[in-house]
Amino acid sequence: LDEYIMSSSTASPTCAHCGTSDEARLYLREDHCHCCEGCLLDRCIGQKPTLDLAGLYSGFVEALVRTLDLRELETGLHSRRSACHTLVLARRIISDAEELRQIYWGSLLHDIGKIGIPEHILLKTDALTAEEWLTMRSHVELGYSIVSQLPGLEVAAELVRSHEERFDGLGYPRGLRGEEIPIGARLFAVIDTLDAMTSDRSYRQGLSFDRAKEEIRSMAGSQFDPLAVKLFLAEEKALRDMVAIKCSHPEGS
């Protein structure tokens with residue numbers, strides 16, 4: 001991503017690498033052209049299109065994730081943004097192409113288990129009861145049970161299973177602590193929080209990047225892995241630009 005930012009155009013640009021102009025994808029501006037997220041991923045992992053969005057799982061998974069985002073009253077790009085931005089951090093410490101690919105897929109599919117959560121709980125705006133919280137928390141194991149059945153996505157499945165864990169061991173479902181939590185899940189936790197904090201919701205306005213940054217920094221060592229926070233701060237420029245464009249074009253957030 002380095003000098004890439006999400007396209008600010010209200011109309012979908014065309015990827016200079018694969019020619020797609022699908023409005024459901026994220027596009028990143030690079031010099032005087034655009035690159036879609038699929039081609040960006042392949043470039044990041046240093047291979048020819050291995051996740052070319054037309055592969056074995058791609059079309060089905062993208063449609064499913066888009067449907068889930070819409071069902072949860074997201075505007076359709078939360079899962080995609082989280083996956084791409086987690087990759088920004090992962091690239092700094094991981095060079096293995098397969099591991100990067102798995103982290104991308106796990107981040108994209110992190111909330112897939114919410115497809116099994118009743119809408120009266122998933123969309124509730126008031127505080128959840130203790131019983132409803134137990135139901136909501138079950139989305140992690142539900143998601144794991146789905147993704148773990150897909151051949152070759154074992155690492156991704158573990159990210160799905162661990163994305164609600166906390167570095168201090170107070171997360172769920174297994175109460176993992178520190179490096180017991182898969183590295184992809186530790187990186188994803190920071191990005192997921194950043195996206196949530198800086199997005200508008202029906203009950204509150206999104207925070208500024210600076211406010212979110214300070215909140216995240218303050219939780220290093222408790223909710224977040226200090227290494228993940230360090231990588232977040234190292235990629236501040238790219239992530240700040242992405243958040244700024246998301247916030248200035250809420251219809252694409």
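Which residues of helix α10 (residues 209-218) are buried? The legends below describe close-up views of a predicted model.

**View 1. Buried residues of helix α10.** Phe209, Ala212, Lys213 and Ile216 are the buried residues of this helix. They lie on the same side of α10, because they cover an arc of only 105° around the axis.

**View 2. Helix α3 and helix α11.** Two packed helices are described by the angle between their axes and the distance between the axes. Here the axes of α3 (residues 78-93) and α11 (residues 226-234) come within 10 Å and cross at roughly 105°. The crossing makes α3 roughly perpendicular to α11. On the α3 side, Leu89, Arg92 and Ile93 take part, and they meet Leu227, Ala228, Leu231, Phe232 and Ala234 of α11. Sorted by class, the contact has seven nonpolar residues, no polar residues and one charged residue.

**View 3. A salt bridge in helix α4, Arg101 with Glu98.** The two side chains meet at 2.3 Å, N to O. Arg101 and Glu98 are three residues apart in α4 (residues 97-108), so about one helical turn separates them. Arg101 is buried, with a relative accessible area of 11%, whereas Glu98 is partly exposed at 37%.

**View 4. A salt bridge in helix α12, Arg240 with Glu236.** The closest N and O atoms are 2.6 Å apart. Arg240 and Glu236 are four residues apart in α12 (residues 236-248), so they too are separated by about one helical turn. Arg240 is partly exposed at 27% relative accessibility, and Glu236 is buried at 17%.

**View 5. The salt bridge of Asp111 with Lys114.** The closest N and O atoms of this pair are 3.3 Å apart. Both Asp111 and Lys114 are buried.

**View 6. A network of salt bridges.** Glu141, Glu158, Arg161 and Arg174 are linked in this network. The structure holds 14 salt bridges.

Terms used: Residues are numbered from 1 along each chain as its sequence is written. This is a predicted model: local features need pLDDT of at least 70, side-chain atom pairs count only at pLDDT 80 or more; totals for chains, interfaces and linings use all residues. Side-chain values use heavy atoms; hydrogens and water are left out. Buried means under 20% relative accessible area, exposed over 50%, partly exposed in between (1.4 Å probe, protein chains only). Helices (H or I, at least four residues) and strands (E, at least two) are DSSP runs, numbered from the N terminus. The arc is that of the directions from the helix axis to the C-beta atoms. Axes are lines fitted to C-alpha atoms, for helices over the stretch in contact, and angles run from 0 to 180 degrees between N-to-C directions. Angles under 35 degrees count as roughly parallel, over 145 as roughly antiparallel, 65 to 115 as roughly perpendicular and the rest as oblique. Contact means heavy atoms within 4.5 Å. Ala, Val, Leu, Ile, Met, Phe, Trp, Tyr, Cys and Pro count as nonpolar, Asp, Glu, Lys and Arg as charged, and the others, Gly among them, as polar. A salt bridge is a side-chain nitrogen of Lys or Arg within 4 Å of a carboxyl oxygen of Asp or Glu.
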